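Reader: I should like to go through the terms applied to this protein and the values behind them. Please set each value against its definition.

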Amino acid sequence: MKLEDQKFAEKALKYLLIGSQVDGIKFGLDGSTTLLYFTNYSRKEDDAFCLNIETAWTVYPASCDKYPSSKAQVPANTEEQLFKYIWDIRREKVVNVQLDIVSPHLIISLESGKVLFVNGHDSNYECWQLGDHFAGGNCEWLLVATPGDNIEVWSPEHFE
């Protein structure tokens, strides 16, 4: 991942998610897809975003010195465990967002100190997408962890 792409994506992620809260969940048919809805109740526009996760993810009780580098290293969880993780972090505000340096692993820090970690490494498939179009928005924002450890960002022209 290019450093300039990582920095721009982190800037967009912070703008979109800091101050928002996990406000909903939807599991896909086969358990391989999870949709997490984030809402920022203190903003009038750009207030709702959906994180479409198509890879392994987990919630850590606190930030880690080292996060997994691939899907295989993320702790395996049942659908029930994943639901419990989301239930436990519901309505917690996002206080920080970052991407890993090599791969676009998504690291979302919450006000309790817990961390939502989403794997961003896959050679063949997109791992996650965050956008407003999933949440019924006006399709101005889309961030995608693309195959081969890259990140793509589509944003309004006024966002720099």
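Reader: What makes cysteine 64 partly exposed?

Author: This is a predicted model, in which local features need pLDDT of at least 70 and side-chain atom pairs count only at pLDDT 80 or more, while totals for chains, interfaces and linings use all residues. Residues are numbered from 1 along each chain as its sequence is written, and side-chain values use heavy atoms, without hydrogens and water. Buried means under 20% relative accessible area, exposed over 50%, and partly exposed in between (1.4 Å probe, protein chains only). Cysteine 64 has a relative accessible area of 28%, so it is called partly exposed.

Reader: Why is cysteine 127 in no bond with the closest cysteine sulfur?

Author: A disulfide is a pair of cysteine sulfur atoms within 2.5 Å. The sulfur of cysteine 127 is 16 Å from that of cysteine 50, the closest, and therefore too far for a bond. A search of the whole structure finds zero disulfides. Cysteine 64 is likewise in no disulfide, its nearest cysteine sulfur, in cysteine 127, being 18 Å away.

Reader: Why is cysteine 127 called buried?

Author: Its relative accessible area is 1%, which is under 20%, so cysteine 127 is buried.

Reader: Why is arginine 91 called exposed, and what is its phi?

Author: The relative accessible area of arginine 91 is 54%, which is over 50%, so the residue is exposed. Its phi is near 65°, a positive value in a residue other than glycine. Most residues other than glycine have a negative phi.

Reader: Is aspartate 149 buried or exposed?

Author: Aspartate 149 is buried, because its relative accessible area of 14% is under 20%. Its phi, near 70°, is also positive.
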